[in-house]
Amino acid sequence: MADGWSPDTGEAVYRSRDAVKNLKIRVRIQRVTSTAVLSQQHQVSGQQERGVIELDTLNSQARSEGGHGDDEEEQVVGWQDKLFSEFEVDFFRMESVCQTPLDRQYHSEIMALERTGGRRNRRIFTYTDYDRFTNLEEQHYQSLMTPFKATPTFLAERMANIRHRRQERHPVEGSVPKSRLITWEPSEEFIKNSHVINTPVQTMHIMGDLGPSGRLGQKENEYVLCTVKVDSSGVITVKPDFSNTEGPYRLETDGEKREVWRLTLENVSAGISLEEKEREQRVYRDLYVRHKDYLRSLVGQDFEMPPPGILRMLVNGEIVSAKGYEYDDLYIHFFLELPNNWSSLPFQSLSGVTQTCRTRTLGKDNVAFFSYPFSFEAFFRKEDETEESLPQWPVLYFEVLSLDIWQRYRTEGYGYLVIPATPGCHTLTCSTWRPQQCGTVAELRRFFIGGAPELEDSSYVRVPGTFKGDRLSRFGFRTETTGSVTFTLHCIQHARAFVDASTLKRRRQTVLDKLGGFSQQGSVYNVLDAFQRARRRMQEARESLPRDLINTSASLAPESTA
């Protein structure tokens with residue numbers, strides 16, 4: 001390959017928010033024949049012997065030998081601009097071959113061109129997205145600028161047979177395939193046939209008729225100079241890329257002569273003026289401001305506050321994985337128990353069941369990855385203001401079970417998780433156990449037909465919150481340690497105390513002193529206690545006020561709320 005040629009013939013991807021109709025490409029082709037190169041080298045060597053090289057003479061001789069009118073052409077092509085080839089002119093000149101409205105339109109345009117003096121192009125022409133010749137065999141035309149030993153991949157062969165614009169004209173939104181949506185065990189042939197990128201795009205080919213002079217219009221001499229693809233999101237794919245500073249591309253034709261052509265591609269799209277750019281920026285700025293205002297109107301200006309004296313807790317959790325269990329095909333049933341003084345929204349579900357998950361071997365353990373999300377919201381309110389005890393936190397009980405293809409049901413383990421008292425992200429691993437029945441018959445029954453001892457109430461995994469006695473079980477039963485389950489919890493806590501405006505000024509310093517002494521651990525408990533004490537002091541202050549002052553403030557309250 002001669003020096004100065006661009007070796008990179010791959011495609012380039014651009015993204016533009018401008019209309020694609022403003023795209024302009026300058027295409028220039030020039031024949032570099034073998035005789036011209038040899039004659040130039042001979043002249044240069046002769047002049048070097050004489051010690052003089054006349055560049056003007058060399059250039060003039062090269063132009064005269066190459067025949068500048070037929071061996072060099074330059075055209076500026078816009079998006080979907082139609083430039084007819086010699087073959088199309090001969091084909092559409094006959095009205096009898098026109099079958100579609102597009103064919104008849106081409107016929108009238110060609111006849112109009114002949115009346116006005118003919119085409120402005122000779123070798124460079126285009127195939128637009130609506131032409132019948134757009135569906136080209138890309139594998140054949142790619143050999144023009146790719147290395148000789150390069151072989152197209154299977155994906156390239158499959159993509160060459162797809163008409164993207166046909167699928168854009170006939171959308172299939174809302175259709176449901178009759179075959180299975182998921183193929184659990186795909187074969188190698190199925191993977192090859194399905195691995196096709198099917199994005200609707202519009203295509204345009206800039207072609208070149210590189211045949212010898214006087215023999216233009218033959219299909220075997222047509223080559224793809226540049227392919228431009230545009231999708232609906234503004235992505236523009238150009239193959240090959242614009243020449244820029246890399247130099248021209250080297251084109252070598254097939255046949256006996258193996259002629260060499262020089263190809264140059266330039267982006268000559270008109271740049272946007274300064275006024276238009278500022279106007280476009282203002283339009284986008286106004287659009288973003290309106291969209292921001294719309295989102296703000298949906299969210300609101302006020303921060304959502306819980307009722308006075310109530311702690312609001314929001315937990316977004318995930319059942320990550322389970323490992324160390326005896327059987328496969330695991331699933332987990334879980335529910336949340338709310339202690340006294342805790343409540344939730346009426347429509348909220350506090351229980352759930354994960355999907356059935358197969359295990360995979362990691363190290364020495366069999367691990368089942370669930371990645372099952374859940375969330376709940378709970379509210380705490382202390383009814384007895386004189387009680388100084390800290391609140392009990394909700395408990396998440398869960399049961400790990402297995403169900404195989406023979407419908408053999410087995411209990412794999414029970415466990416529980418106390419919701420952390422501190423907000424933030426927590427990753428917790430909980431061990432589980434299951435009841436065990438003595439004897440070999442129970443183990444054989446569990447292996448062959450399934451079934452195992454179960455708990456009537458899963459909350460008896462620990463001491464239930466509703467239990468009021470001194471001893472939970474007098475006899476007990478035999479258990480066996482099984483695997484473990486990993487949880488990820490994101491806890492958010494929000495609280496607000498009821499403090500009157502007149503009392504707030506007098507008690508502000510006292511509350512700040514209380515808050516200043518909080519440690520990082522147990523800060524929620526301290527905040528709740530401080531709020532409750534402040535509320536009691538406020539009530540005591542109201543009781544010590546004169547009765548007439550209380551009646552006056554009560555009578556003014558409806559007027560202020562109105």
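This briefing covers confidence, nonpolar cores, strand pairing, salt bridges and cysteines.

The model is predicted. Its protein chain averages a pLDDT of 77, and 72% of the residues score at least 70. The largest nonpolar core has 31 residues, and a second, separate core has 28 residues. The structure holds 20 salt bridges and 0 disulfides.

**Confidence**

- Residues 52-67 have a pLDDT below 50. Beyond near neighbours in sequence, this stretch makes 14 contacts in the model.
- Residues 137-143 also stay under 50 in pLDDT. The model gives this stretch 10 contacts beyond four places in sequence.
- Where pLDDT is low, the predicted coordinates should not be read in detail.

**Nonpolar cores**

- Val485 and Phe487 have the most contacts inside the largest core, a set of 31 residues.
- Five elements are listed as giving two or more residues to this core: β10 (310-323), β11 (330-337), β15 (365-380), β16 (395-403) and β19 (479-496).
- Strand β15 gives the most, with 6 residues.
- Which residues does Val485 touch, not counting those up to four places away in sequence? Its contacts are Ile319, Ser321, Ala322, Tyr325, Ile332, Phe398, Val400, Leu428, Thr429, Cys430 and Thr432.
- The second core is separate and has 28 residues. Among them are Val27, Ile124, Ile236 and Leu251.

**Thr411 in β17**

- Thr411 lies in strand β17, which spans residues 409-418.
- Thr411 is buried, at 1% relative accessible area.
- Leaving out residues up to four places away in sequence, Thr411 touches Glu399, Val400, Leu401, Arg434, Arg446, Pro453 and Glu454.
- Val400 is thus listed among the contacts of Thr411 and among those of Val485.

**Strands β5, β6 and β7**

- Is strand β6 (residues 222-231) largely enclosed or exposed? Of its 10 residues, 9 are buried, so β6 is largely enclosed by the rest of the structure.
- Strand β5 (residues 201-209) pairs with β6 in the antiparallel sense, over 9 bridges. One bridge sets Ile206 against Cys226 in β6.
- Strand β7 (residues 235-239) pairs with β6, also antiparallel, over 4 bridges. Thr227 stands opposite Lys239 in β7.
- Strands β6 and β7 form a hairpin, with 3 residues between them. Gly234 sits in the turn and has a positive phi of about 90 degrees.

**Salt bridges**

- Asp131 and Lys82 form a salt bridge, with N to O at 2.8 Å. Asp131 lies in the loop between β4 (124-127) and α6 (138-141), and Lys82 in the loop between β3 (72-78) and α4 (86-92), so the pair ties together parts 49 residues apart in sequence.
- Asp131 is buried, with a relative accessible area of 2%.
- Glu86 bridges to Arg119, with the closest N and O atoms 2.6 Å apart. Glu86 is in helix α4 and Arg119 in the loop between α5 (101-115) and β4, so this pair joins parts 33 residues apart in sequence.
- Glu86 is partly exposed at 26% relative accessibility. Arg119 is partly exposed too, at 23%.
- Asp90 and Arg93 meet in a salt bridge, with N to O at 3.1 Å. Asp90 is partly exposed at 38%, and Arg93 is partly exposed at 35%.
- Salt bridges also link Arg26, Arg28, Glu72, Glu74 and Glu266 in a network.

**Cysteines**

- How many disulfides does the structure hold? The count is 0.
- Why does Cys491 have no bond to the cysteine whose sulfur is closest? The closest sulfur belongs to Cys425, at 8.7 Å from that of Cys491, which is too far for a bond. The cut-off for a disulfide is 2.5 Å between sulfur atoms.
- Cys491 is buried, at a relative accessible area of 5%.
- Cys98 also counts as buried, at 10% relative accessibility.

Technical notes:
Residues numbered from 1 in each chain as written. Predicted model: local features only at pLDDT ≥ 70, side-chain atom pairs only at ≥ 80, totals over all residues. Heavy atoms only, no water. Buried < 20%, exposed > 50% of the residue type's maximum accessible area, 1.4 Å probe, protein only. Salt bridge = Lys/Arg side-chain N within 4 Å of Asp/Glu carboxyl O. Pairing = 2+ DSSP bridges. Contact = heavy atoms within 4.5 Å. pLDDT = per-residue confidence, 0-100. Core = buried A, V, L, I, M, F, W, Y, C linked by side-chain atoms within 4.5 Å.
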